[in-house]
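Subject: Structure handover

Hello,

Please find below the structure we talked about, together with its sequence. My notes on it follow.

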Amino acid sequence: MMKRFDGRDWNEIRKMEAKIGISENCEGSAYFRFGNTIAYAFVYGPKQLKILDNVEEGVLRVRYSMLPFSTPERKKSPVSRREVELSTIIKRVIKNVLVLKEIPGTVTDIDIKIISADAGTRTAAINAAILALADAGIPMKDLAVAVAVGKVGQRIVIDLNKMEEDYNSEKLVGTEYEKYIEYYGQGTATDIPVAILPSEKKIIMLQLDGSITEEELKRALDLAMEKSFEIKEVFRKAILEKYPEDKKL
Ligand code: ADP
């Protein structure tokens, strides 16, 4: 039976890998991978700052960046608009799960580095950041997980890779990939990165690039919700590997 470009089923996430505590030089660190998309996150803080003494909520700073060698074509600009925008989006997600009131007068910096990019970097970045925060022991309401779902041609799939994100059936005609049109169908791709709180079955981030019907969107989000537990399980294992005593998980 025909499958996706990389041999996956429609509801199959790329190979996931997670590890926490990868650096001794910061309070929390983690690595998260969806196939060829790899993110590292480092948490510095919370640092108590005198000038923030009377500030009730902790301050959060997030920086997402792609390393120059993370893509086949070397990326040039030092900080792109895309990176600035993604940093803001990721920060919004993280603010949703942190209890910043419990760390007043502090600053926490999260530095996220994409060392290899094959689409889905923002979702891998969020996952790495959440794990690094868990490593730093910063109070969180719940472990949020992120993954992209979407529509490639006419097919609903999870965790799109770059070839799927760039899908355009017309452009495949006459190429070695023409046979995949039979699997995906006609059209282009719609990418929908989401972040979820699995235990509350709540979506805390949803972005949509492309077009999709209401019914298809519902199917895609149901898929993300269902698979969010699989991602959370990868988190749980990574946390237990470093903190075997953490029974709460
Ligand atoms: P995401 O990585 O979250 O899917 P985008 O949709 O913006 O975010 O990017 C999709 C993919 O396009 C990235 O994962 C990466 O593979 C590629 N890409 C993005 N920006 C660049 C860039 N400046 N140079 C080369 N490839 C890039």
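How many bridges pair strand 6 with strand 7, and in which sense do the two strands run? The pairing is antiparallel and extends over 4 bridges. One of the paired positions is Lys151, whose bridge partner in strand 7 is Ile156. Please keep in mind throughout that this is a predicted model.

Overall picture

The chain contains 6 helices and 9 strands. Its radius of gyration is 19 Å, close to the 18 Å expected from the globule rule for 249 residues, so the chain is as compact as a globular protein of that length. The C-alpha trace spans about 65 × 40 × 30 Å along its principal axes. Of the 249 residues, 50% are buried. If contacts between residues at least 6 apart in sequence are considered, 70% of them join residues at least 24 apart. The accessible surface is about 12,800 Å², and carbon and sulfur atoms account for 51% of that surface.

The sheet of 4 strands

Strands 6 and 7 belong to an open sheet of 4 strands with the order 7-6-8-9 and antiparallel pairing. Strand 7 (155-158) and strand 9 (202-206) are the edge strands; each has a single partner, so one side of each has no neighbour in the sheet. From one strand to the next the twist averages 30°.

Two helices pack on this sheet. Helix 1 (residues 81-97) touches strand 8 (189-197) and strand 9, and its direction makes about 160° with that of strand 9. Helix 6 (residues 214-242) touches strand 6, strand 7, strand 8 and strand 9, with its direction at about 145° to that of strand 6.

Strand 8 includes Ile196. Is Ile196 buried or exposed? Its relative accessible area is 1%, and buried means under 20%, so Ile196 counts as buried. Leaving aside neighbours within four places in sequence, the residues in contact with Ile196 include Leu143, Ala144 and Val145, then Lys202, Ile203 and Ile204, and also Ala224, Met225 and Ser228. The C-alpha atom of Ile196 is separated by 9.4 Å from that of Val93, although the two residues are 103 apart along the chain.

Helix 1

Val93 is one of the buried residues of helix 1; the others are Glu83, Leu86, Ser87, Ile89, Ile90, Ile94 and Val97. What do these buried residues pack against? They pack against strand 4 (59-66), strand 5 (106-116), helix 2 (121-136), strand 8 and strand 9. As for length, the 17 residues of helix 1 should span 24 Å at 1.5 Å a residue, and the end C-alpha atoms are 25 Å apart, which agrees.

The sheet of 5 strands

Strands 4 and 5 are part of another open sheet, which has 5 strands in the order 1-2-3-5-4 and mixed pairing. The edges are strand 1 (16-20) and strand 4; each has a single partner strand, so one side of each is left without a neighbour in the sheet. Direction ignored, neighbouring strands of this sheet are turned by 15° against each other on average.

The pairings I looked at are as follows:

- Strand 2 (residues 28-34) and strand 3 run antiparallel and are joined by 7 bridges. Ala30 has Ala41 of strand 3 as its bridge partner.
- Strand 3 (residues 37-48) and strand 5 are antiparallel, with 9 bridges. Tyr40 stands opposite Lys113 of strand 5.
- Strand 4 and strand 5 are parallel, with 8 bridges. Tyr64 has Ile112 of strand 5 as its bridge partner.

Strand 5 is mostly covered, with 8 of its 11 residues buried.

Which helices lie across strands of this sheet? Helix 2 lies across strand 1, strand 2, strand 3, strand 4 and strand 5, and runs at about 150° to strand 2. Helix 6 lies across strand 1 and strand 2, at about 30° to strand 1. Helix 6 also packs on the sheet of 4 strands, as described above.

Regards

Note on methods: Residues numbered from 1 in each chain as written. Predicted model: local features only at pLDDT ≥ 70, side-chain atom pairs only at ≥ 80, totals over all residues. Heavy atoms only, no water. Pairing = 2+ DSSP bridges. Axes fitted to C-alpha atoms, helices over the stretch in contact; angles between N-to-C directions. Contact = heavy atoms within 4.5 Å. Expected span 1.5 Å × (residues − 1). Buried < 20%, exposed > 50% of the residue type's maximum accessible area, 1.4 Å probe, protein only. Rg over C-alpha atoms; globule rule 2.2 N^0.38 Å. Areas by Shrake-Rupley, 256 points an atom, 1.4 Å probe, with all protein chains shown as cover.
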